[in-house]
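Me: I have a model open and want the reasoning behind the labels, not just the labels. Can we go through them?

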Amino acid sequence: MLFVIDPGFFYMMKFLICGLGNIGAEYADTRHNIGFLALDALASSLKTAFVPGRLASVAEGSFKGRKLILIKPTTYMNLSGKAVKYWLTHEKLSPEQLLVIHDDLDIPLGAIRLRKKGSGGTHNGMNDIIDQIETEDFPRLRFGIGNDFARGMQIDFVLGQWTKEEEKIILPRIELVTDAVKSFVTQGVERTMNDYNKR
């Protein structure tokens with residue numbers, strides 16, 4: 001019996017994973033760069049490394065038959081959409097094959113929340129992505145950084161470095177993000193939401 005394989009089957013086996021952050025040593029280890037930190041950990045687990053690419057640092061890896069293209073935009077946070085749009089087009093991917101990892105003030109420190117779609121809220125990087133690819137319908141994984149700051153100090157808090165106490169919480173949770181991404185590309189967004197959003 002002859003089986004005909006839909007070319008779309010292989011098309012859906014590729015994903016673009018984007019971690020948001022700002023380039024430059026002055027932004028390293030800051031709360032706003034949690035997306036970069038998460039992607040560095042993911043790349044390490046996939047035994048791949050980042051190299052300079054168009055509008056982003058880029059790494060490629062595979063997991064259980066899925067190809068993962070990892071990007072850390074080099075456009076600075078507020079123009080992240082330029083990199084995402086380019087790489088979606090370059091890799092011929094749909095928004096459903098995109099996962100964006102970013103920091104979130106509205107989630108407790110260290111908590112992660114996967115969503116299928118939604119607005120960018122007050123996150124400038126997410127809003128630029130939505131503007132550039134002209135849709136809110138793409139998955140995103142939000143990493144909680146808490147909101148322990150005085151009124152009017154939000155920018156300083158977001159761009160500030162982790163405290164030693166925060167690092168003790170953050171670093172183990174980065175491993176959970178890596179596991180969640182691997183679940184997303186193999187089990188799908190719904191199953192991953194059920195398995196990880198309350199952990």
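Reply: Start with one crossing. In this predicted model, helix H3 passes helix H4 in a right-handed crossing.

Me: What makes H3 oblique to H4?
Reply: The angle. H3 (residues 80-90) and H4 pack at about 45°, with axes 7 Å apart. Roughly parallel needs an angle under 35 degrees, and roughly perpendicular runs from 65 to 115. The value of about 45° fits neither, so H3 is oblique to H4.

Me: Which residues meet there?
Reply: From H3, Ser80, Gly81, Lys82, Val84, Lys85 and Leu88. From H4, Gly125, Asp128, Ile129, Gln132 and Ile133. By class, this contact has four nonpolar, four polar and three charged residues.

Me: Why is H6 called roughly antiparallel to H7?
Reply: H6 (residues 164-187) and H7 (residues 189-196) pack at about 150°, with axes 7 Å apart. The cut-off is over 145 degrees. The angle passes it, so H6 is roughly antiparallel to H7. Their crossing is right-handed.

Me: How do you know that H6 and H7 meet?
Reply: Contact means heavy atoms within 4.5 Å. On that basis Leu176, Asp179, Ala180, Ser183, Phe184 and Gln187 in H6 meet Val189, Arg191, Thr192 and Tyr196 in H7. The classes are five nonpolar, three polar and two charged.

Me: What is the volume of the largest pocket, and which residues are closest to its centre?
Reply: The volume is about 520 Å³. Of 25 lining residues, His32, Thr122, His123, Asn124 and Gln154 are closest to the centre. The lining divides into eight nonpolar, eleven polar and six charged residues.

Notes:
Residues numbered from 1 in each chain as written. Predicted model: local features only at pLDDT ≥ 70, side-chain atom pairs only at ≥ 80, totals over all residues. Heavy atoms only, no water. Axes fitted to C-alpha atoms, helices over the stretch in contact; angles between N-to-C directions. Helix = DSSP H or I, 4+ residues; strand = E, 2+ residues; numbered from the N terminus. Left-handed = near helix turned anticlockwise from the far one by under 90°. Nonpolar A, V, L, I, M, F, W, Y, C, P; charged D, E, K, R; others polar. 1 Å grid on protein atoms, 1.4 Å probe; cavity = no way out; pocket = protein on both sides within 12 Å on 5 of 7 lines; lining within 4 Å. Points joined across faces, edges and corners; volume = space filled by probe spheres on them.
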